[in-house]
Amino acid sequence: MNSRHICPGSIHLEHLAEGTLTPELLPDGSIDGSKLADGAVGPEHLQPQSIEGGHLADGALEDRHLGPGIIKLEHLAEEVRSAELLPDGSIDGSKLADGAVGPEHLAPGSVYGGHLVPETVDGRHIRPGSIHLEHLAENTLTPELLPDGSIGGSKLAAGAVGPQHLAPGSIYGGHLVPEAVDGRHIRPGSIHLEHLAENTLTPELLPDGSIGGSKLAAGSVGPEHLKPQSIEGGHLADGTLEDRHLGPGIIKLEHLAEEVRSAELLPDGSIDGSKLTAGAVGSQHLAPGSIYGGHLAPEAVDGRHIRPGSIHLEHLAENTLTPELLPDGSIDGSKLAAGTVGPEHLAPGSINGGHLAPEAVDGRHIRSGSIRLAHLAKDTLTPELLPDGSIDGSKLAAEAVGSYQLAPGSVYGGHLAPGAVDGRHIRSGSIQFAHLSESVLTSELLPDGSISDAKLALDAVGPQHLQLQSVHGGHLADEALEERHLSPGIIKLEHLAEEIHSADLLPDGSITGEKLAFGSVGTRQLAESAVGNIELQDEAVDASKITSFAIQSRHLEEDSVQSYHIAPGAIIGDHLTPGSVNAEHLSFSPVQSSGNRQVLQQFGMTAFMFNGDAESAEVTVTFDESFGHTGYVLVAMTNQPFFHASLKSRGGGEAVIEVVRLRETSHFYGVLSWIALGSPLVKPAKDHRAFD
C-alpha cells in the first residue's frame, strides 16, 4: 500500500506507529507560527543568538531582563545623556573629578565661610578696597599692618611726633644737596636695590653671565622670558608634559612608542568603515560566522566560493527549479523514486517492447478492441481468456483470490474491513500530510523535543509562542536591542557597564545645582579660580580663611586704618616718608629756618675766672658736633651783670669768647651760657659765605 491508496484525512493519531513520531515526520521548515501553541517555545528550544531586534516587541524589556553592567556608553541614546539621567542630589563629592567645578558652575552666593579651607584666601582673591576696619582682627593691629613709608604728614596729628620718636640722624638724611654724596660717604654694602634709580635698572647693570640659577626666584622665569626653541628635551622633567600641553593633531604615528601600537590604543568598536583602506580586511581578520547575506555584494559569490555538496534543495530559489537546472540526460534510473514517472512524463511512442517488464501490461492498459486474434499466443487460448468481471463471486471458490490474482489498484477503501490495515501493510514514506485527519494534527503527533530549528519556518515563532522567562541573554543576537524594546525606567545603576561610569556619560554643562548632593563639592572638585566674588556669601571670609601676609595695601579701603588700629610703638622711622613730619606733628617746638634749610642747634655752659686784676678772660667753647662752616651764629651771656661777652674767634668745632669785667667790680669768676645755630657739617660752606 502506498500514498495513492490512502484517502485524504483517513489517518488519525492512533494509526501512527511509535517509531514514526520523530522529527523526520515533518519536512524542514514546515512548521509555521499557526502550528505552535501559545507558550510552546521555552528557553531550551531557542538557539543562542537566534533572537534579533526585529523579534522583540516594543517595550518588551524590563529591568529584570538586563544583566548587571551590560549597558555600555554606546547603547545610550543622545537624548539620555542629559541632566534628567540623574535624580536631584544624587551626585556626591566622590563622583566629581578633581578640578571639575569651575566658577561658571557655582551659583552666586553659594560659597560660605564653612566651605573655605583655612588659609585658602590670599591677596589675589581679595578685591582692592574691600577690607574695611571691621574686618581686621585685634591681633592685626601691629606695626606690620602698615608698610614702610606709608604714613605721610597728612596722617599725623599735630604734636604726635615727639623727640623720642626721632631716630638719630633722622632729621637730615633726606635733605642732601645734589652731588653732595660721593664714594667716600657710602658704606660698603649699604646700597640696595631700592636705592637704584629707574634708569640704572638696565641689562648693563649686570655683567653678561653673572646671573646663575641660584639668583632666580621660583617661578620667576615665564614664557615671555624664553627664546623660541630654547627648551629642549633635556630641560623637561620626567612626567612634565600633560595633555593640556599638547596641541590638537600634533602627535603623529612616529611619536608613538612601539608598545603603544597595540589593540588597546583604540577602544572597541571605534574603527568604522571610513577608517579602513580598500582591501585592508583579509580573511584572517574575519571572525567565523561574521559575514551575513547583507554583507555580500550582488553576484559576489561565484562557483569557486561554494564548497562542493553545500547547496541543498532549500538553497535553490523557486525560479531555479526548472528543467534547465539539470543538463539533458543527467537523470538516470537511480535518481528517480519509485512511481515518480507518470504518463504525463512520457513522450508519445517513447515506450517500446524492451521498456516493458514481463507482465507489466494488464487489461486497463489495453484499449478496448485492440487485441486481435493474431495477438493471442497459443497458450492464451484458455479459460483465462474471459474478460474481467465475467466471473462473479459465485464462480469463485473460497480463498480462490490471492494477492497474485489482484491487479494493482484493484482494492479500494470499501473493500477493506475496518481495522484491516496495520503498520506492516503501509509502505514506508507513503503517508503524506493530506492523508492525516484533522484530529491527528495535535501536539501529541510529535514526541517532546522532536522539533529542531530545521523544522521551523522563518518567522514562525511569535511572542504568543514564547513561555514567560524563556528568553535569556544567550538567545539575543549581538546589537539586537533597540530603544523601542526598552520599557521606561528599567535601566538601573547596576545595569551600566563600568566604562559608562565616566565623564562622557553626561554632556558638558548638563549637571545643574539640584543634581549635586549637599556637601558633595569639596576642595578637590573646585577648579583653580573657581570661587569668585559673586560665589562668596557676605562675611563668608573670616580670619582663619586668610593666609598670612595675604592682605596688602591695595586691599584696604581708603581711610580704613584709623589711629586706634595702630599699636603703641608700632610706627618707627622706616614707616615715615621723607618730609612727612612737619612742625605741627611735633610735640615740641623745633628750630626753623627760612628757605627750609637744615639747622644744627647746640648750647652749653662754661665756667671762667679772671687772673688777678686782669680785665678780660678768654673762654673756649667746644661744640659737641662740628658745624659745616663758620657761618654759624653764637650767642653768649654771663651770670653776672658786671661782665659782658663778645665773640673773639670761631672755627668749625669751637669758638673763643672774650669776657670783659668792669673796673669797679671785685668779682673775678662766673658762668658763661651760650647758644650756637648753623648748618650741619654735611652742608657745603659756600652756601653761607655771606655770614662769614
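The following conversation goes through a predicted model of one protein chain, asking what lies behind the terms used for it.

Visitor: What makes the protein chain more spread out than a compact globule?

Guide: There are 0 helices and 6 strands in the protein chain, and along the sequence these follow the pattern β-β-β-β-β-β. The radius of gyration is 62 Å, whereas the globule rule gives 26 Å for 692 residues, so the chain is well over that value and counts as more spread out than a compact globule. The C-alpha trace spans about 225 × 50 × 30 Å along its principal axes, and 19% of the 692 residues count as buried.

Visitor: Why are strand 2 and strand 4 said to stand at the edges of their sheet?

Guide: The sheet in question is open and consists of 3 strands in the order 2-5-4, with antiparallel pairing. Strand 2 (616-622) and strand 4 (643-650) each have a single partner strand, so one side of each is left without a neighbour in the sheet. Neighbouring strands of this sheet are turned by 30 degrees against each other on average, with direction ignored.

Visitor: How do you know that strand 4 and strand 5 pair?

Guide: Two strands pair if at least two bridges are found between them, and strand 4 and strand 5 (residues 654-661) have 7 bridges in the antiparallel sense, so the criterion is met. Within this pairing S646 stands opposite E658 of strand 5, while L647 stands opposite I657, also in strand 5. The two strands form a hairpin, with 3 residues between them.

Visitor: What makes strand 1 and strand 3 edge strands?

Guide: Here the open sheet has 3 strands in the order 1-6-3, and the pairing is antiparallel. Strand 1 and strand 3 (633-638) have a single partner strand each, so each of them has one side without a neighbour in the sheet. On average, neighbouring strands of this sheet are turned by 15 degrees against each other, direction ignored. Strand 1 and strand 6 (residues 669-678) run antiparallel and are joined by 10 bridges, with Y669 in strand 6 as the bridge partner of M609.

Visitor: Why is the pair of F610 and F643 called tilted?

Guide: The count of aromatic pairs in the model comes to 8. For F610 and F643 the ring centres are 5.1 Å apart and the planes stand at 50 degrees; the centres therefore lie within the 6.5 Å limit, and the angle is neither under 30 degrees, as stacked would require, nor over 60, as edge-to-face would require, which leaves tilted. F610 lies in the loop between strand 1 and strand 2 and F643 in strand 4, so the pair ties together parts that are 33 residues apart in sequence. Both F610 and F643 are buried.

Visitor: What makes the pair of F623 and F627 edge-to-face?

Guide: The planes of F623 and F627 are 85 degrees apart and the distance is 5.1 Å centre to centre; because edge-to-face asks for an angle over 60 degrees and centres within 6.5 Å, the pair fits that description. F623 and F627 also belong to one aromatic cluster with Y632 and W674.

Visitor: How do you know that F623 and F627 are buried?

Guide: Buried means a relative accessible area under 20%; F623 has 7% and F627 has 2%, so both count as buried.

Visitor: Why is the charged end of R650 said to sit over the ring of Y632?

Guide: The charged end of R650 is 5.8 Å from the centre of the Y632 ring, and the distance part of the criterion asks for a value within 6 Å. The charged end of R661 likewise sits over the ring of F610, 4.7 Å from its centre.

Visitor: What makes H565 buried and E539 exposed?

Guide: H565, in the segment before strand 1 (600-609), has a relative accessible area of 3%, so it falls under the 20% limit for buried. A polar atom of the H565 side chain lies 2.8 Å from the backbone nitrogen of Q562. E539, also in the segment before strand 1, has a relative accessible area of 78%, which is over the 50% limit and therefore exposed. E539 has a positive phi of about 65 degrees although it is not a glycine.

Conventions:
Residues are numbered from 1 along each chain as its sequence is written. This is a predicted model: local features need pLDDT of at least 70, side-chain atom pairs count only at pLDDT 80 or more; totals for chains, interfaces and linings use all residues. Side-chain values use heavy atoms; hydrogens and water are left out. Helices (H or I, at least four residues) and strands (E, at least two) are DSSP runs, numbered from the N terminus. Buried means under 20% relative accessible area, exposed over 50%, partly exposed in between (1.4 Å probe, protein chains only). A polar contact is a pair of N or O atoms within 3.5 Å; within protein, one must be able to donate a hydrogen and the other to accept it, and residues adjacent in sequence count only if both atoms are side-chain atoms. Axes are lines fitted to C-alpha atoms, for helices over the stretch in contact, and angles run from 0 to 180 degrees between N-to-C directions. Rings of Phe, Tyr and Trp (its six-membered ring) pair if their centres lie within 6.5 Å; planes under 30 degrees apart count as stacked, over 60 as edge-to-face and the rest as tilted. A charge sits over a ring if NZ of Lys or CZ of Arg is within 6 Å of the ring centre and within 35 degrees of the ring normal. The radius of gyration is taken over C-alpha atoms; the globule rule is 2.2 Å times the number of residues to the power 0.38.
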